[in-house]
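Welcome! Here are some exercises to work through with the sequence and the 3D view side by side. Try each task yourself before you read its solution.

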Amino acid sequence: MLQYPLWRRIVVIGLVLLGLSAAIPNLFYPRVELHNDAAAAIEQFGSTPEREADLSAWPTWMPSSLVNLGLDLRGGAHLLAEVRVEDVYEHRLDALWPEVRDALRDERDAVGAIQRLDAPGGELRVRIENPAGMGQALAAVRELASPVVTLTGMGANDIEVAGQDDVITVQLSEAERVATDDRTIQQSLEIIRRRVDEVGTREPTIQRQGERRILIQVPGLGSADELKALIGTTAQLTFQPVVTRTTDPSTRPAPRQELLPSLDEEGVFYVLEQTPVVTGEELTNAQPSFDQNGRPAVSFQFNVTGARKFGAYTAANVGAPFAIVLDGEVISAPRINEPIPGGSGIITGNFTVEDSTNLAVLLRAGALPAEMTFLEERTIGPELGADSIEAGRIASLVAFAGVLIFMALAYGRFGLMANLALILNVGLVFGLLSAIGATLTLPGIAGIVLTIGMAVDANVLVFERIREEVRAGRGPARAIELGYEKALSAIIDANITTFITAVILFLMGSGPVKGFAVTLALGIITSVFTAIYITRLMIVFWFERRRPKTIEV
Amino acid sequence: MRLKLVADETNWDFFGRLPITLGFSGLMFVGAILAFLFMGLNFGIDFRGGTTIRTEARVAVDVGAYRDAIAPLGLGDVSISEVFDPGFDEDQHVAMVRIQAQGDEESVRPETIQAVQAALRSVAPQIRFISVESVGPKVSGELIMTAIYSVLAAIAAVLVYIWLRFEWQFALGAVAALVHDVIITIGLFAVLQIQFDLAIIAALLTIVGYSLNDTVVVFDRVRENLRRYKVMDLKEVLNVSINETMSRTLMTSGTTLLALIALIVLGGDVIRGFVFAMTFGVVIGTYSSVFVASAILLKLGVKRDWSKPDGEAGTQFADVDA
C-alpha cells in the first residue's frame, strides 16, 4: 500500500498553506502597498485620519509583505558611484601637519627651521634645516603615531615616517588606509542616506558594493541626473581667511594658500589661506531664508566649538574679509563688520529659492567625506516598467494555460494533479519571494515563466517512470511507489546542477540578473517540493478513495 | 486518449550515423567560433560602455532624421534602431539610440544627454525619453570579466558535481555538450548581430543548467541500465537509455518551449534577446544531450562493473523519498 504518514501530510499541507498565505498580498498589490505606506507613515509621523483610512485598506492581521519590484519594473533612478577615498588621505595628512610642525618645533635645537614641501598625493614632506638632527626629528614625528584599531591592522600604526637626507616623509600606513577607506564609505553611505531621505521617496536602496563603491537606487525618481545633483555634491563648506581678490587666474598663491574661483562673478578669483577657520562639520542647523533685501539665502547655526572659533576669529579680524567656500568655489566673501559671537550667520549669494533650499538640505545632511565618480547611471521611466509588467503578466498567463493543457492531454488525471501542483508552485514562488523580501525584476518574471515550463519536469520524470512500471506489469500501488523511487535520483541530480548555475548567477550577477537567479533558484526548490511531496500526496488521496485496480498514466 | 509525442516503445538507433551527427556539431562549433572571431558580437553598453536612450513617439520613427539631428553633436559612433513589438499600440513608435562612451569619462555628462534629447526634439517634437542608461568604461570592462568568470565557474562546478555523482567520462561528455551549446549560441548571436548584454549571459548560464538537466536525466538512466544489462554492448545500453527517456525529454522540452514561445511573442521587446537565447538553448541542449554528451560517452567508454559499492551513488538519495 502507498505509505504517506499522517505527520508528513500535515507538514506538507501546512507548508503549502503558509507559502500561499505569504503570496496572497501580491494579488492585492496596490491596496497592500497603500496599507504598508500608511503604517510606515503612522510609525514615523503619527496618525492622521487619512493615514488611518489608508491603513484599513488591508487587514492588519493578514501578512503584508510584498514582492519588491525592481527598478526596471517600477521605474526610477540608479547610480553606481565610486568614492575617491584618496581625497581623505590628503585631508588626514593636512590635519596632521600642525601636529608635526609643533612636534618638530619642540626639537628646534637639533632640527633647525622646518618647511613643508609640495608632495605627491598621499604624502606629507617636511624639509629640516639641519640633517644631523634627522634621528631626533623622526623620533619626534613617530611619537604622533597611534595604533590602528581594526581586526586586520592589529598592532599597526596609523602613519609611516621615513627620512632621507634632509626630508621627512609621512604617509598613512596600509592598515590605516584600509581602515580609513572603510570609515569613508560608511560615512558616505550615511550621508547619502540622509540626503535621499530628506527628499522623502520610498524604499531607496543604498548599499556598499565591493571595496569603494556605492549603489544607489531610488524608485519613482524622475531621472538619474536629479539623483546625481542631490548626492553628487560633496557640500564641503568652509570659512577661510581671504588674502587678496584678483582677476588674474594665473596668480601663484604662496605656500599653504590657494586660489579659488568665485561662484557668481565670472573671472574673479580669491587667494585664501588653505586652513579653514571653521568647516561645515561644525554646523548644527541650516535653513533656507531671506536676507535683509529679500533675496534667498541660507541661515546657519554653529555648534559650541564652531561658535567659539568663529567668534574669536571675527573678533580678531574686524574689517578683514573672509570667504564662504562651497566645494572649491567662493560663494561670497563678506567683510567682517563686527565680531559675531552667537555662532549663527547667513550665507548670501546669487541664489534662487530652489538653490537655497537645496543648499540647506545638503548642509544639514553633512558633507561627503570624499568626492564621488559615477560609473553607471540608469533612468527607467515608470511607463516602461508598467508595460513590462503587463507584457510579463500576459506571457505568464498564456504560458501557464499552454502548459496546463499540454499536461492534461498528456497525462490525464495525473496531469491534472500535476497542474494543480504547478499552480501551487507559482504561488509558493511568490510566497517565498515576499517572505525573503526578494526583488522581482523583468528577467525575474522570465525566470518564473521558465519555471512554469521546467517545473513540470520532475512530475514528468515520475509519471514516465510510473508508465514504464505499469507497462512492465506492476500493480498500481507498486508502480506508483517504484515510479517515485526510481525517478528520484534523476530529479535530484538534474535539479542540483541547475541550482548550482543559479547560485553562480546570483553571486556574480548584478541587479536584474540577480533577480532572475533568485526566481530560478526558488522555482527549482518549490518545483522539487511540489513534485515529490504535493503531487504524491494528491495521488495518495485519490488512490485511497478509489482503490483503482488499474491505472492509466 | 493521451497526447503522446512518441510511441510507448521506441527503438531508434541514435548512433548509426555518428560521423554525420558529430560532424554536424563540429561544423556548427567551428562555424560559431569563426563567426565570433570575424563578425564579432554586437555588445550592448553593459560590456562596452556608452549610453542608450529609449525614445517613444506618436509619429513613425525616422531613423535617418534622428541620425542627422544627432550627427552635428560629434558624439562618435551613434546607432539608432527602431523597435517593434506586437504588444505596442498603433501609435507607439519606439527607438533605441546608442551612443559610444565619450573619451575616458566614466559616466555620461548630463549636458551630453540633454543635447541629444534637444536634437531629437527638434525632429520629433512630441518625443518622450522612456529610459536613459549609461555605463562607464571601467565598469563595462569589469562586467565582461565577471561574465566570463561566471560561465567558466558554472562549467567547472558542474564538471566536479557530475564527476562526483557519476564517472569522469560522464562529466567530460556533459561538459562537452554544454560548451558546445554555449559556443554555438554565442555564434548565433554573432551571425544575427543581436545585442549581447548582461541578460544574455544570464541566458547562457540558464542554458548551461538546462542542457545539463537533460543530459543528467539521460545519464542517470544509462547508469541504471549499465547495472541492469551487464553484458550488453555500450552502444546498445546508450540507445536503450535514450529511447526510454525520449518521451520525458520531449515532454519537458515541449512545456519549456511552450512557456518560452509565449514570452518571445508576448513578453515585450526588452527581454526578447534574452528569451531568444534561452529558446535556442533549449533546442540545442536537447539535441546535444543525445548527440554530443552520449556520443562522447560512447567514444570514451565507461567502466562496466557497477556492482561494487560506488554503484551506491545512484541510490543514496533513495531513503529520503516521500
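## Exercise 1: The build of chain A

Of the 553 residues in chain A, 52% are buried. Keep in mind as you work that this is a predicted model.

**Task.** Compare the radius of gyration of chain A with that of a compact globule of 553 residues.

**Solution.**
1. Start with the reference value: a compact globule of 553 residues would have a radius of gyration near 24 Å.
2. Now take the value for chain A, which is 34 Å.
3. Next, look at the box around the C-alpha atoms of chain A, which is roughly 110 × 60 × 40 Å along the principal axes.
4. Then turn to the domain assignment of chain A: domain 1 (6-23 + 384-546), domain 2 (90-177) and domain 3 (236-351). Between the C-alpha centres of domain 1 of chain A and domain 2 of chain A there are 66 Å.
5. Finally, note the secondary structure: chain A has 15 helices and 19 strands.

## Exercise 2: Salt bridges within chain A

**Task.** Find where A:Asp158 and A:Arg92 lie, and explain why their pair ties together parts that are 66 residues apart in sequence.

**Solution.**
1. Begin with the general idea: side chains of opposite charge can pair when their charged atoms come close.
2. Check the distance: the side chains of A:Asp158 and A:Arg92 form a salt bridge at 3.7 Å, N to O.
3. Locate both partners: A:Asp158 sits in the loop between α7 (134-142) and β5 (159-164) of chain A, while A:Arg92 belongs to helix α5 (residues 86-106) of chain A, so the pair ties together parts that are 66 residues apart in sequence.
4. Sort them by accessibility. Buried means under 20% relative accessible area, so A:Asp158, at 8%, is buried. A:Arg92 has 27% and is partly exposed.

**Task.** Is A:Arg116 buried or exposed?

**Solution.**
1. A:Arg116 has a relative accessible area of 18%, so this residue is buried.
2. A:Arg116 also has a salt-bridge partner, A:Asp94, at 2.9 Å, N to O.
3. This pair links distant parts of the chain, with A:Arg116 in strand β3 (residues 114-117) of chain A and A:Asp94 in helix α5 of chain A, 22 residues apart.
4. A:Asp94, for its part, is partly exposed at 30%.

## Exercise 3: Across the chains

**Task.** Explain why the salt bridge of A:Asp493 and B:Arg223 joins two chains.

**Solution.**
1. The side chains of A:Asp493 and B:Arg223 meet at 3.5 Å, N to O.
2. A:Asp493 is in helix α14 (residues 476-508) of chain A and B:Arg223 is in helix α7 (residues 198-228) of chain B, so the pair joins two chains.
3. A:Asp493 is buried at 0% relative accessibility, and B:Arg223 is buried at 1%.
4. Salt bridges with shared partners also connect A:Glu82, A:Arg213, B:Lys138 and B:Glu142 in one network.
5. Over all chains, the whole structure has 43 salt bridges.

## Exercise 4: A nonpolar patch on chain B

**Task.** Which helix gives the most to the nonpolar patch?

**Solution.**
1. List some members: the surface patch includes B:Val30, B:Leu34, B:Phe38 and B:Leu192, and its residues together have about 870 Å² of accessible area.
2. Find the helices: α1 (18-38) and α6 (168-192) of chain B each supply at least two residues.
3. α1(B) gives the most, with six residues.
4. As an example, B:Leu34 lies in helix α1 of chain B and, at 42% relative accessibility, counts as partly exposed.

How values were computed
Residues numbered from 1 in each chain as written. Chains lettered and ligands numbered in written order. Predicted model: local features only at pLDDT ≥ 70, side-chain atom pairs only at ≥ 80, totals over all residues. Heavy atoms only, no water. Patch = residues over 30% accessible without salt bridge, like charges linked within 9 Å, V, L, I, M, F, W, Y side chains within 5 Å. Areas by Shrake-Rupley, 256 points an atom, 1.4 Å probe, with all protein chains shown as cover. Salt bridge = Lys/Arg side-chain N within 4 Å of Asp/Glu carboxyl O. Helix = DSSP H or I, 4+ residues; strand = E, 2+ residues; numbered from the N terminus. Buried < 20%, exposed > 50% of the residue type's maximum accessible area, 1.4 Å probe, protein only. Domains from an automatic or database assignment. Rg over C-alpha atoms; globule rule 2.2 N^0.38 Å.
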